[in-house]
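Please load the model in your viewer, with a cartoon for the backbone and sticks ready for selected side chains. The tour moves from the whole chain to its interior and then to single residues.

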Amino acid sequence: MKYLESEKFDLMPAGLNVSPHKPKILLIYGSLRERSYSRLLAEEAGRILDFMGAEIKMYNPDGLPTFDNDRSVDHPKVQELRSLSLWSEGQVWSSPELHGNMSGLMKTQIDWIPLTMGAVRPTQGRTLALMQVSGGSQSFNAVNNMRILGRWMRMITIPNQSSVAKGYQEFHDNGEMKASDFRGRIVDVMEELMRFTYLTRDNASFLVDRYSERKNEENKVIEAMNKADSK
């Protein structure tokens, strides 16, 4: 796989008690164009992650309804996205930059992944890597705004990120990314995602544990006991 083949990627930290299975990484992208560069970027990241030892799944957002939690929550594409988020231990978000921000399709996908589903939390404690592709000069508006969302969803958003300028110049006709500094940065970001996922996936519940939530659960138990005693 290009210059990746000349390097050895042994990313599992030595001496750390970690699960033996491959890191489970979900990739989502923010454009439905026939030649979507955010999708091509996500596919390139997926090939790199596969080479590094991850199990990858990519979500196709075609057919996902506009966010409306009252009417479309049972839609098959919504359920598929939420199921994949629950499956994942880490995620990669790849968006085009439109009007100085992530695409509407990208935001719709993120909106459909709730903070909680009953007692289940489909994002909290999962690692997250961010990428964007621009039609013009390099900027970081989309990744910076996605970083806000990742933090809001209590994901472990890694420090490194990637912004590919003039995306139409960076891919071969077959969809693979050309060798460049941009591609080298994608390798950097995926390597960092793998490292963070190995380090945190078995400790995610510890990392997102909150005093306020424990206190709230304790108050619910006390309230229930008081109601039972009053009967």
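What follows is a sequence of selections, each with a note on what is there.

**Before selecting anything**

This is a predicted model, in which local features need pLDDT of at least 70 and side-chain atom pairs count only at pLDDT 80 or more, while totals for chains, interfaces and linings use all residues. Residues are numbered from 1 along each chain as its sequence is written, and side-chain values use heavy atoms, with hydrogens and water left out.

**The whole chain**

Begin with the cartoon of the full protein, whose secondary structure comes to seven helices and six strands; helices (H or I, at least four residues) and strands (E, at least two) are DSSP runs, numbered from the N terminus. Read from the N terminus on, the elements follow the order β-α-β-α-β-β-α-β-α-β-α-α-α. The radius of gyration, taken over C-alpha atoms, is 19 Å, close to the 17 Å that the globule rule (2.2 Å times the number of residues to the power 0.38) gives for 231 residues, so the protein is as compact as a globular protein of that length. Along the principal axes, the C-alpha trace spans about 75 × 50 × 30 Å.

Switch next to a surface display: the protein exposes about 12,100 Å², of which carbon and sulfur atoms supply 50%, the areas coming from the Shrake-Rupley method with a 1.4 Å probe. Of the 231 residues, 47% are buried, where buried means under 20% relative accessible area, exposed over 50%, and partly exposed in between (1.4 Å probe, protein chains only). Among contacts (heavy atoms within 4.5 Å) with a separation of 6 or more, 77% are between residues 24 or more positions apart.

**The nonpolar cores**

Now select Leu41, Leu49, Val92, Ile186, Met190 and Leu193, the residues with the most contacts inside the largest nonpolar core, which has 27 residues. Such a core is a set of buried Ala, Val, Leu, Ile, Met, Phe, Trp, Tyr and Cys residues joined through side-chain atoms within 4.5 Å. Colouring by element shows where this core comes from: strand S1 (24-29), helix H1 (37-52), strand S5 (127-133), strand S6 (156-164) and helix H5 (181-200) each give two or more residues to it. H1 gives the most, with eight residues.

Which residues surround Val92, once its neighbours within four places in sequence are left aside? Val92 is in contact with Ile25, Leu26, Leu27, Ile28, Leu49, Ala129, Met131, Met190 and Leu193. A second, separate core of 22 residues can be picked out by selecting some of its members, including Tyr59, Leu84, Trp112 and Leu130.

**Helix H3**

Select residues 104-111, which form helix H3, and show Leu105, Met106, Thr108, Gln109 and Ile110, which are buried. The buried residues of H3 pack against S1, helix H2 (76-87), strand S3 (90-98), strand S4 (101-102) and helix H4 (141-152).

**Two buried positions in H1**

Go to Ser38 in helix H1, a buried residue with a relative accessible area of 1%. Leaving aside neighbours within four places in sequence, Ser38 is in contact with Tyr29, Gly30, Ser31, Ser94, Ser95, Pro96 and Val133. If you draw a distance from Ser38 to Ser95, their C-alpha atoms are separated by 5.3 Å, although the two are 57 residues apart along the chain.

Met52 also lies in helix H1, and Met52 is buried, with a relative accessible area of 5%. From Met52 to Pro23 the C-alpha distance is 9.8 Å, with their positions 29 residues apart in sequence.

**Two loop residues with positive phi**

Select His99 in the loop between S3 and S4, where phi is positive at about 50° although His99 is not a glycine. Is His99 buried or exposed? At 88% relative accessibility, His99 counts as exposed.

Then move to Lys166, in the loop between S6 and H5. Lys166 has a positive phi of about 45° and is not a glycine either, and its relative accessible area of 36% makes Lys166 partly exposed.

**A last stop in H7**

Finish at Asn226 in helix H7 (residues 211-230), which at 47% relative accessibility counts as partly exposed. The C-alpha atoms of Asn226 and Pro114 are separated by 32 Å, the two being 112 residues apart along the chain.
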